[in-house]
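Please work through the following exercises with the sequence and the coordinates at hand, and try each task before reading its solution.

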Amino acid sequence: MIHPRISIFGLGYVGSVTAASLAERGCSVIGCDVSPGKVDQINAGKAPIGEPGLDELLQAQWTAGRIRATPEVDEAVRESDISVVCVGTPSAPSGALDLRYVETVSAQLGAAIRRKGTPHSVVYRSTMLPGSTRRLAAAHLGEGENPPAVYFLPEFLRQGSALADFRNPSLSVIGVLAPGQSVAPVAAMLDEATEIVAVESAELLKYSCNAFHAMKVVFANEIGRIGKELGIDSSEVMGALCRDTRLNISPYYLKPGTPFGGSCLPKDVAALVHHSRKLGVSVPMLDSLMESNRRHLEAVLERIEGRGRKGVLLLGLAFKEGTDDLRGSAMLELAAQLMLRGYEVKIFDPAVSPANLIGANRVFADARLPDLASLMIEDPTSLLADGEPRTIVVSKECIALEELGPLLRDYPGHHLIDVNGWRALKGVTASYEGVCW
Ligand SMILES: NC(=O)c1ccc[n+]([C@@H]2O[C@H](COP(=O)([O-])OP(=O)(O)OC[C@H]3O[C@@H](n4cnc5c(N)ncnc54)[C@H](O)[C@@H]3O)[C@@H](O)[C@H]2O)c1
């Protein structure tokens, strides 16, 4: 493997670990930082930050002549093929992201790369909100005869185990500015499993991971506080929860699309939150679940309203495929809301027969949507063929693609909103949109 020459901008926590680790892989590394102290540390073979094993690794790579540092941007760019941006992206007092350091480095890099005049790549590792890499590239790196290839490579290492995480990353994803953009120039920074995605997806991925981690901690602590108040060992509860790798620690329930519903989740979340209140235990995250779910449904409604069509066909009503359980069904709620707002609603779901609903299922359906039977249709063909352009909301695969595709081709003009991530629908009509993609 060819080992490229790499310059690292920002020799803080991420930059030092990246610099030492890439040198360990055989790359020739030159660090660059505005802090003279950090530059001096690297040039003395010492780690500028405290991280287990970093001092030893840096010392070894420095002794082998593979790593040094400079305060000069031009020198760092001239002596490298790839520049990696690891400067800080702190929060402003308002919570807004402060991009001033990345902005400065990008401008400096752009000018130095133009002066250098030979092929160069820029890899952003600083955490930035979606759109930042593309904007910075356009503002600072796009001009000149030989503009650099630009990437966003999110960093997932954890302090305390950063070197091990760099060698064996939990996730490896690189963002590119255009489909088909080659990642060959930066192959030395990737591993075999690296997934190539749009740069904005890579940027959002980093935030999603950190938000997810924060959510996990808050969730465990809210359950912990409830447990403590009830005299229950929550570590035991959470330990057992984590042993379920099918529903709990798994991709299940992590698919953007339909709001949650059914006979259990809304009822049990409500009961837990209500009981916590009675106990005097504050659980703001659990408390926010129903409201967030309601807002998600509202977002679907707004999307339908945005199309400005009075006729709406819902494909799928029951909250789970193949069942006729309407209790807590988000689509039933959607139908009820649409009726209240004056829409002409029709529903197709072969698994649901209003005449056969019994027990709590019947009570729920009657309470939320007394007109249900008159809204259900047995075949969507005549509705789609009547010449009126409708919005079709698809919440589950209750009709075969081989049936729906020809219908939409023969009777064009309908708009499809997919709330379930049934991506094959994209291929059957140009008038398609997803609620979360
Ligand atoms: N610390 C982590 O665990 C971690 C993990 C993943 C991602 N990140 C992200 O990586 C980025 C860097 O984080 P960090 O913890 O290493 O930050 P840090 O504050 O430790 O280091 C940033 C370095 O950039 C230097 N710098 C600032 N302006 C510069 C310039 N114009 N030219 C050269 N150097 C300059 C600073 O002197 C400092 O040494 C942030 O966006 C952070 O969100 C951090």
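**Exercise 1: the shell around the ligand**

In this predicted model, α5 gives the most to the shell around the ligand, contributing three residues. Determine which elements give two or more residues to that shell, and how its residues divide into nonpolar, polar and charged.

Solution. Begin with the pocket: the ligand sits in the second largest pocket. The elements that give two or more residues to the shell are α1 (13–24) and α5 (100–116). Sorting the residues of the shell by character then yields 10 nonpolar, eight polar and four charged. Finally, of the 22 residues around the ligand, those that come nearest are Val14, Asp33, Lys38, Thr89 and Thr127.

**Exercise 2: backbone contacts and burial**

Find which polar backbone atoms lie within 3.5 Å of an oxygen atom of the ligand, taking Tyr13, Val14 and Thr127 in turn, and state what percentage of the ligand's exposed area the protein buries.

Solution. For Tyr13, a polar backbone atom is 3.0 Å from an oxygen atom of the ligand. For Val14, a backbone N or O atom lies 2.8 Å from a ligand oxygen, and for Thr127 the corresponding distance from a backbone N or O atom to an oxygen atom of the ligand is 2.9 Å. Turning to areas, the ligand taken alone exposes 840 Å², of which the protein buries 78%.

**Exercise 3: the domains**

State into which domains the protein chain is divided, and how many Å separate their centres.

Solution. The assignment divides the protein chain into domain 1 (5–199) and domain 2 (293–434). Taken over C-alpha atoms, the centres of domain 1 and domain 2 are separated by 48 Å.

Technical notes:
Residues numbered from 1 in each chain as written. Predicted model: local features only at pLDDT ≥ 70, side-chain atom pairs only at ≥ 80, totals over all residues. Heavy atoms only, no water. Near = heavy atom within 4 Å. Polar contact = N/O pair within 3.5 Å; in protein donor to acceptor, adjacent residues only side chain to side chain. Areas by Shrake-Rupley, 256 points an atom, 1.4 Å probe, with all protein chains shown as cover. 1 Å grid on protein atoms, 1.4 Å probe; cavity = no way out; pocket = protein on both sides within 12 Å on 5 of 7 lines; lining within 4 Å. Sits in = over half its atoms within 2 Å of the grid points. Helix = DSSP H or I, 4+ residues; strand = E, 2+ residues; numbered from the N terminus. Nonpolar A, V, L, I, M, F, W, Y, C, P; charged D, E, K, R; others polar. Domains from an automatic or database assignment.
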